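Here is a short note to read alongside the structure. Please keep the model open and find each residue as it comes up.

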Amino acid sequence: MAVPLIDAFALPFMSRALLTVALLALAAGIVGLFISFRELEFVSDGLVHAVFPGLVIGAALGGTAALLPGAAAAALIAAALFTVIELRGGIAADAAIAVVLTGLFSLGVVLVSRQEGYVSQLQELLFGRLLTVTEAQLWQIVVVAAAAILIVGLTRRAQLFRAFDAAGAEAAGIRPLVTDLALGAAVAMLVVAGVQALGVLMVIALLTVPMAAARLVTRRFALLIPIAVVLPLLAGVLGLWLSFAWSVEAGATVSPGAVVVLLLIAGYLLAALGRVPAGLRFARRAHGGRRAAGLAAPAETGAGRGAPA
């Protein structure tokens, strides 16, 4: 017998997990808009990996209470470093970011491997602890996510201007370094907020997949953020309920964060498949237009030859 949805989320740890997903979905939908417009998915991935050594150092020095400060310090340092690399530009920029993120992630693995019980700690840091989010951690997520939204809200005009016309924005007096650092700080804070619940390897999906799916579903600017918020929220409700039901009925231990991310990917795939018929119709119309133009050209040419000089 399936566990009723209402009964499952009546449990305190399930309601906290759902509230965590809702907060992250809201913040990721807003910040993810500018990540997508600026095509900073790779930089965001780098920030996620760069947070890992900060998590390890924070856990080693102060336990669970120090996870957020350690992750925040590492994320902000990495955001500044990646921003400088991006502004330098060129082909070497992506290579430099790849070197930095792999180096920092490897440093985190080395640090955590020197501790007792590092296998379980590594698994928790990589895949998160969505069902064990405490009230204190939930309030931390609220504060950090709100700070990320506030930074993006205060700089939204500069962010949009720079996303669509970087040269024009700079000519208008918008300082690229300040604008990029602000967005990098917002992404870093959202990474810090999400990594406690979803883990290092899964938070990148929350930052990139919902907005990517929203841009497949609609071209209306006003609908992008609502769709990017609703999609992870639905995935969170269904993913948490499925993982809980499987654990109760089948005794299977399933990572709820992983289930949520898989459902996000499924939503993106459905959105992509929904665009296929529209793409085929557009291709047929374009082909028909070219064919009609090709048939009309000889007639016009013949008329031109037959006309009197």
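1. Start with Gln-159. Leaving aside residues up to four places away in sequence, Gln-159 touches Phe-34, Arg-38, Thr-179, Ala-182 and Leu-183. Gln-159 belongs to helix 8, which covers residues 156-164. Its relative accessible area is 1%, and since buried means under 20%, Gln-159 is buried. Bear in mind that this is a predicted model.

2. One of the residues touched by Gln-159, Arg-38, also takes part in a salt bridge. Its partner is Asp-180, and the closest N and O atoms are 3.1 Å apart. Asp-180 lies in helix 10, while Arg-38 lies in the loop between helix 2 and helix 3 (41-62), so the pair ties together parts that are 142 residues apart in sequence. As background, side chains of opposite charge can pair when their charged atoms come close.

3. How many salt bridges does the structure hold? There are two. Besides the bridge between Asp-180 and Arg-38, there is one between the side chains of Arg-162 and Asp-180, with an N to O distance of 2.8 Å. Arg-162 is in helix 8 and Asp-180 in helix 10, so this pair ties together parts that are 18 residues apart in sequence. Arg-38, Arg-162 and Asp-180 are thus named together as a network of salt bridges.

4. Are the residues of this network buried or exposed? Asp-180 has 8% relative accessibility and counts as buried. Arg-38 is buried as well, with a relative accessible area of 18%. Arg-162 is also buried.

5. Turn next to the aromatic rings. A search of the whole structure gives three aromatic pairs. In one of them, Phe-13 and Phe-244, the ring centres are 6.3 Å apart and the planes stand at 50°, so the pair is tilted. Phe-13 is in helix 2 (residues 12-37) and Phe-244 in helix 12 (residues 221-249), so the pair ties together parts that are 231 residues apart in sequence. Phe-13 has 29% relative accessibility and counts as partly exposed, whereas Phe-244, at 13%, counts as buried. Elsewhere, Phe-37, Phe-164 and Phe-221 form one aromatic cluster.

6. On the surface, Val-84, Leu-177 and Leu-181 make a nonpolar patch of about 230 Å². Leu-177 sits in helix 10, which runs over residues 176-198. With 38% relative accessibility, Leu-177 counts as partly exposed.

7. For the chain as a whole, the secondary structure comes to 13 helices and zero strands. Of its 309 residues, 42% count as buried. Among contacts with a separation of 6 or more, 78% are between residues 24 or more positions apart. The chain exposes about 15800 Å², and carbon and sulfur atoms supply 70% of that area.

8. Finally, compare the model with the record. An unreviewed UniProt entry places the feature "transmembrane region" at several stretches, including residues 133-154 and 221-242. In the model, residues 133-154 are 91% helix and 0% strand, with the end C-alpha atoms 30 Å apart. Residues 221-242 are 100% helix and 0% strand, and their end C-alpha atoms are 33 Å apart.

Note on methods
Residues numbered from 1 in each chain as written. Predicted model: local features only at pLDDT ≥ 70, side-chain atom pairs only at ≥ 80, totals over all residues. Heavy atoms only, no water. Phe/Tyr/Trp six-rings, centres within 6.5 Å; stacked < 30°, edge-to-face > 60°. Helix = DSSP H or I, 4+ residues; strand = E, 2+ residues; numbered from the N terminus. Buried < 20%, exposed > 50% of the residue type's maximum accessible area, 1.4 Å probe, protein only. Patch = residues over 30% accessible without salt bridge, like charges linked within 9 Å, V, L, I, M, F, W, Y side chains within 5 Å. Areas by Shrake-Rupley, 256 points an atom, 1.4 Å probe, with all protein chains shown as cover. Salt bridge = Lys/Arg side-chain N within 4 Å of Asp/Glu carboxyl O. Contact = heavy atoms within 4.5 Å. UniProt positions renumbered as here; feature names shortened; annotations may be inferred.
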